[in-house]
Amino acid sequence: YPDLAGHAEDLYERADYALYHGKREHRGGVSLFSADHHRRIQHEAAIEQALRNADLEAQLTVAFQPIMCVASGAPLAFEALARWCHPKLGQVPPADFIPVAERTGLVHRVTRILLAKALAEAVHWPEAVGLSFNLSMHDLGSAEDLAALLELIRASGVHPARIDMEITETAILNDTAQMQRAAGLLRGLGCGVSLDDFGTGFSSLSQLLALPLTKIKIDRRFVTGIQDKPTSMKIVRSLLALSRDMELGCVIEGVETADELAVLQELGGNLMQGYLFARPMPPEAVAGWLRHSLPALAARA
Ligand code: C2E
Ligand code: CA
Ligand code: CA
């Protein structure tokens, strides 16, 4: 005061925003409200207003990115990634609109629309190809919300064993007991449960081991340029060993180059995802892409 805000209400709001971003981006550091924060508040307000008024059923779509089994060259599954094209805002990335949808309680609607669309595609794929779907921690907050999702799966005709639900490590931190119940229900239905962005949160191993997981996904930050980063190599090697001991699948995310792939294979990685194999593609491109991997799929089956 008086440089960053003129009166008490603004001052309070902006301090709160700086605190929120400080916690998210550099925990333990100092965060000052900036012009950039001001722009972000305006951008988020525009997204919020658009989300509330949009025809989400028409504007939300899913893109699909394969998760590869490198040894066989066949896709294990496709991960569904949310896409939102708004008439005025254009393409809004999920990293921008999902947090706003979560904050405003609109995420339940968003998730249901996306899951229904993803399942409607997956039902046409070969049985051997699974669907991996991202859930927000808010989707698992109440028994009713979860029941609505389970009902969508039952009605879709996609066998639950083909579906993996991805939850992020940060979601688990918020309410371990609730996550445990939700993951238990999903497993009870026959779905897999993957821990997304593994290594980015601050959960303890005991919190993680309490969950009935089937896979972990190693975050891209440990993969980018791994050939020149001895520390990343050690981390990935340990996580692969941990997943083996716990009898969990382990997907390595964000593989972009042949050099990264070579190191990751050397370390014992097999399930991978990233631009090196394929970028996220629109639903109508999946069938054509699958035709190329049919020989590998047949060999695996
Ligand atoms: P995520 O679940 O970790 O998804 C992976 C993100 O990495 C995707 O970004 C994907 O396009 C991108 N990616 C994949 N391979 C590569 C690579 O080789 N290099 C690089 N640089 N990036 C790669 P996207 O689609 O923008 O999604 C961002 C995040 O938004 C997702 O991260 C996920 O947390 C969230 N999200 C996306 N779709 C949904 C959804 O349907 N529901 C929820 N709750 N969250 C979603
Ligand atoms: Ca994911
Ligand atoms: Ca991830």
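**Two calcium ions and the strands around them**

Mentor: In this predicted model, strand β4, helix α6 (residues 143-156) and strand β5 form a right-handed β-α-β unit.

Trainee: Why is this unit called right-handed?

Mentor: The term applies when, with the strands pointing away from the viewer, the path from the first strand over the helix to the second runs clockwise. The unit of β4, α6 and β5 is assigned as right-handed, so its path is clockwise in that view.

Trainee: How do you know that β4 and β5 pair?

Mentor: Pairing requires at least two bridges. Four bridges join β4 to β5 (residues 163-168), and the two run parallel; therefore they count as paired. Within this pairing, N134 stands opposite E166 in β5.

Trainee: What makes β2 and β4 a pair?

Mentor: The reasoning again rests on the cut-off of at least two bridges. Strand β2 (residues 74-86) is joined to β4 by four bridges, in parallel, so the requirement is met. One of the partnerships links A80 with F133 in β4.

Trainee: Why is β4 described as largely enclosed?

Mentor: Four of the five residues of β4 (residues 130-134) are buried, so the rest of the structure largely encloses this strand.

Trainee: What makes E79, N134, E166 and D196 donors of the calcium ion (ligand 2)?

Mentor: For calcium, a donor atom must lie within 3.2 Å. The oxygen atoms of these residues lie 2.1 to 2.3 Å from the ion, so they qualify as donors. In sequence the donor residues are spaced E-x54-N-x31-E-x29-D. E79 is in strand β2 and D196 in strand β6, so this pair ties together parts that are 117 residues apart in sequence.

Trainee: Which residues supply protein donors to the calcium ion (ligand 3)?

Mentor: They are D196, D197 and E253, with E253 listed twice through OE atoms. The distances are 2.2 to 2.4 Å, and the limit for calcium is 3.2 Å, so these atoms count as donors. D196 lies in strand β6 (residues 192-198), whereas E253 lies in the loop between β8 (249-252) and α11 (258-266), 57 residues apart.

Trainee: What makes D196 a bridging residue?

Mentor: D196 is a donor to ligand 2 and also to ligand 3. It therefore bridges the two calcium ions, which lie 4.0 Å apart.

Trainee: Why are E79, D196 and E253 called buried?

Mentor: Buried means under 20% relative accessible area. E79 has 5%, D196 has 6% and E253 has 12%, so each of these residues counts as buried.

Definitions and conventions:
Residues numbered from 1 in each chain as written. Chains lettered and ligands numbered in written order. Predicted model: local features only at pLDDT ≥ 70, side-chain atom pairs only at ≥ 80, totals over all residues. Heavy atoms only, no water. Donors = N, O, S within 2.8 Å, 3.2 Å for Na, K, Ca; no water. Buried < 20%, exposed > 50% of the residue type's maximum accessible area, 1.4 Å probe, protein only.
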